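User: Please take a close look at one helix of this model, setting out which of its residues are buried and what they pack against.

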Amino acid sequence: MQAFRYTKPQVAIHWLAAALIAFLLVTGTLVLADLPNTAAKIGNLRIHMLLGGLAGLLVISRIIMRRRFPAPPALAGHKLALAGHMALNLIILLLVFSGVMLSLQSGTFDAVIGSGVLPEDFKQFTPRKIHGLASRLAMGLIALHILAALWHQFIVKDGLLSRMRLGSR
C-alpha cells in the first residue's frame, strides 16, 4: 500500500471534475443531441455551457496543482499513465474550446443571453463535428482511465485508489 496521498484540494477537484464531465457527456449525448433546436433547448444549452466552462476551469486547476504539489512515486505503467492523463486533459480542453467556438459561430451564445435564435442544425458547423468527435474520444479515455485504476487496485494491488480517496488521511 502506498503512503502517498494527493492533497485534499486535488482530490476534491478531481472528483468534482469527474462528476461534472460525466454529467456533461451523458446529458450532451442523450438529451441535447436529441432536442430540436427550438427556444425550449436554450435553457438546457445555458446549463451545458456554464457547466462546460466550469469543467474547463477545474481541469486547468488540476493541471496547475499537479505542477505545484509533489508527484506520487512511479508505479507500474507510470509513463503510460502520464500520457493517458495528458490526453484526457487535452481532450476535455478541446471539448471546452470547440464548444465555445460552436456557440460563437452558430449564434448560440447570443440565443442563450437572449438576443438571438438557434440555428436550424448545429451539424453544419465544423466546431460541432469536432465537439462530437472529442466527446466520443473523452468517453473512451475515461473508460480506459477507470479500467487502469481498477487494474492497479485489484490486479497490481498497489493501493492506487487510496491516493484519491475523499476523507481523512
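Analyst: In α3 of this predicted model, the buried residues (under 20% relative accessible area with a 1.4 Å probe, protein chains only) are Leu-88, Asn-89, Ile-91, Ile-92, Leu-95, Ser-98, Leu-102, Ser-103 and Ser-106. Helices here are DSSP runs (H or I, at least four residues) numbered from the N terminus, and residues are numbered from 1 along each chain as its sequence is written. Because the model is predicted, local features need pLDDT of at least 70 and side-chain atom pairs count only at pLDDT 80 or more, while totals for chains, interfaces and linings use all residues; side-chain values use heavy atoms, with hydrogens and water left out.

The buried residues of α3 pack against α1, α2, α4 (108-112) and α5, where contact means heavy atoms within 4.5 Å. Leu-95, for example, touches Leu-25, His-131, Ala-134, Ser-135 and Ala-138, leaving aside residues up to four places away in sequence.

Leu-95 also belongs to the largest nonpolar core (buried Ala, Val, Leu, Ile, Met, Phe, Trp, Tyr and Cys residues joined through side-chain atoms within 4.5 Å), where Ile-21, Ile-91, Ile-92, Leu-95 and Ala-138, of 16 residues, touch the most other members. At least two residues of this core come from each of α1 (8-30), α2 (42-68), α3 (78-106) and α5 (126-156), and α1 gives the most, with 6 residues. Leu-102 is included in a second, separate core of 9 residues, together with Ile-42, Ala-111 and Phe-125 among others.

After α3 comes Gly-107, with a positive phi near 85°.

Definitions and conventions: Buried < 20%, exposed > 50% of the residue type's maximum accessible area, 1.4 Å probe, protein only.
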